[in-house]
Amino acid sequence: MKLFIDSAKIEEIKEAEKLGVLDGITTNPSLIKKAAVGKGKIDMEKYIISIFNAVGKKIPVSLEVVASDFNEMVREGKVLHKKFRKHGNVYVKIPVNPCLEDKCSTASDGIRAIKLLSSKGIKINCTLIFTPEQALLAAKAGANIVSPFAGREDDYIREMSRIKFEKEDYYPSRGKKKLGKILSDDGIVSGIDLVAEIKMIFRKQGIKAEVLAASIRNKRQFREAALAGADIATVPFSVIKTLLEHNKTSEGMRKFVKDIVPEYKSMLNKGRKGK
Ligand code: E4P
């Protein structure tokens with residue numbers, strides 16, 4: 001599973017890049033807003049170029065369109081591609097359905113925009129996916145990546161059942177019971193179940209689009225995304241930092257450091273400059 005960082009903050013991207021195993025970056029309008037806060041009037045083009053410059057040229061960077069109708073989504077997608085392709089590996093992020101309410105007359109504009117932009121060779125990450133059906137249509141239209149939002153799916157299932165939760169709270173991938181019944185959103189029992197079902201459908205249907213587990217809230221959910229067969233997980237910096245943590249690892253390190261015998265250390269130092 002590839003590891004992407006879900007952030008537009010340069011410091012976080014640079015810090016995550018130091019891990020040596022970062023495969024990509026995803027941004028969205030809210031993440032750009034968070035990154036811009038406190039920076040005064042920002043030159044957005046320069047700022048985004050600095051995101052590309054923080055990583056290697058081949059690293060995929062997803063940038064989202066903000067329009068909600070076909071013509072504007074296509075125009076913005078082309079602008080993002082043209083402006084930044086010389087700086088790195090641009091993926092244009094297109095919402096699967098740009099309606100601002102449950103229903104509207106432009107529900108298919110996202111899929112149509114994906115079809116047109118991908119036919120021009122622009123790489124697409126289709127975002128805001130909450131059903132396997134949305135993922136299937138996005139892939140049929142030519143999306144290279146589909147992004148089911150695991151954490152927000154868990155939020156939705158809890159909200160519908162009036163279960164209180166904190167953003168980082170773990171939600172079991174096999175679902176949760178209330179009054180003896182497994183809670184679900186039209187048969188999807190958790191965000192990870194959504195990822196797993198999309199993956200299963202893509203395998204059965206021979207679809208090549210990559211499945212990116214988005215909206216990851218904690219390290220256990222990251223693990224479960226891998227178990228579900230996600231091709232990519234995009235992870236906030238706060239969660240990336242926890243991926244290497246375990247009390248017993250630090251305790252073990254303290255004990256090993258305490259137990260080093262001088263002969264072992266000097267053997268390792270033999271031949272070092274000045275020794
Ligand atoms: C995906 O690409 C999105 O940027 C993201 O994962 C959303 O996560 P959130 O639900 O934590 O905002």
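Okay, let's start with a term: when I say polar contact, I mean a pair of N or O atoms within 3.5 Å. Keep that in mind for the ligand. And a caution before we go on: what you're looking at is a predicted model.

So, the ligand. Take Arg 152: one of its polar side-chain atoms sits 2.7 Å from a ligand oxygen. Lys 93 does something along those lines, with a side-chain N or O atom 2.7 Å from an oxygen of the ligand. Then there's Arg 217, where the distance from a side-chain N or O atom to a ligand oxygen is 2.9 Å. How much of the ligand's accessible area does the protein cover? On its own the ligand has 350 Å², and the protein covers 90% of that.

Who else is around it? The surrounding residues are Asp 6, Thr 26, Asn 28, Leu 31, Lys 93, Phe 149, Arg 152, Lys 167, Ala 214, Ser 215, Arg 217 and Thr 234. If you sort that shell by type, you get 5 charged, 4 polar and 3 nonpolar residues.

Let me stay with Ser 215 for a second. You'll find Ser 215 in the loop between E9 and H9. Its phi is positive, about 60°, and it isn't a glycine. Is Ser 215 buried or exposed? Its relative accessibility is 9%, so Ser 215 counts as buried; the cut-off for that is under 20%.

There's another non-glycine with a positive phi, and that's Leu 128, also at about 60°. Leu 128 is in strand E5. With 32% relative accessibility, Leu 128 counts as partly exposed.

While we're on E5, have a look at Asn 125, which belongs to that strand. Asn 125 is at 0% relative accessibility, so it counts as buried. What does the Asn 125 side chain pair up with? The partner is the side chain of Ser 62, in a polar contact of 3.1 Å. Leaving out residues up to four places away in sequence, Asn 125 touches Thr 26, Ser 62, Tyr 91, Val 92, Lys 93, Ile 94, Ile 145, Ser 147 and Leu 212. Two names there should ring a bell, Thr 26 and Lys 93, which are among the residues around the ligand.

Next stop, Pro 148, in strand E6. Pro 148 also has 0% relative accessibility, and therefore counts as buried. Setting aside neighbours within four places in sequence, its contacts are Ile 129, Leu 194, Val 195, Ile 198, Val 211, Leu 212, Ala 213 and Ala 214. Look at Ile 198 in particular: Pro 148 and Ile 198 are 50 residues apart in sequence, yet their C-alpha atoms are 8.4 Å apart.

That takes us to helix H8, residues 191-205. With 15 residues at 1.5 Å each, H8 should span 21 Å, and the end C-alpha atoms are indeed 21 Å apart, so the two agree. The buried residues in H8 are Gly 191, Ile 192, Asp 193, Leu 194, Val 195, Ile 198, Lys 199 and Phe 202. What covers them? The cover includes strands E5, E6 and E9 along with helices H6, H7 and H9. Right after H8 comes Gly 206, with a positive phi near 65°.

Over to helix H3, residues 44-53. Buried here are Tyr 47, Ile 48, Ile 49, Ile 51 and Phe 52. Those residues pack against helices H1, H2 and H4 and strands E2, E3 and E4. The N-terminal end of H3 has a cap, Asp 43, with a side-chain oxygen 3.2 Å from the backbone nitrogen of Glu 45.

One quick look at a loop: Glu 245 is between helix H10 and helix H11. At 48% relative accessibility, Glu 245 counts as partly exposed.

Last, the whole chain. The protein chain has 12 helices and 10 strands, and its C-alpha trace spans about 75 × 55 × 40 Å along the principal axes. Of the 275 residues, 46% count as buried. Take the contacts between residues at least 6 apart in sequence: 61% of those join residues at least 24 apart. As for surface, the chain exposes about 15,800 Å², with 54% of it supplied by carbon and sulfur atoms.

Technical notes
Residues numbered from 1 in each chain as written. Predicted model: local features only at pLDDT ≥ 70, side-chain atom pairs only at ≥ 80, totals over all residues. Heavy atoms only, no water. Helix = DSSP H or I, 4+ residues; strand = E, 2+ residues; numbered from the N terminus. Expected span 1.5 Å × (residues − 1). Buried < 20%, exposed > 50% of the residue type's maximum accessible area, 1.4 Å probe, protein only. Contact = heavy atoms within 4.5 Å. Near = heavy atom within 4 Å. Polar contact = N/O pair within 3.5 Å; in protein donor to acceptor, adjacent residues only side chain to side chain. Areas by Shrake-Rupley, 256 points an atom, 1.4 Å probe, with all protein chains shown as cover. Nonpolar A, V, L, I, M, F, W, Y, C, P; charged D, E, K, R; others polar.
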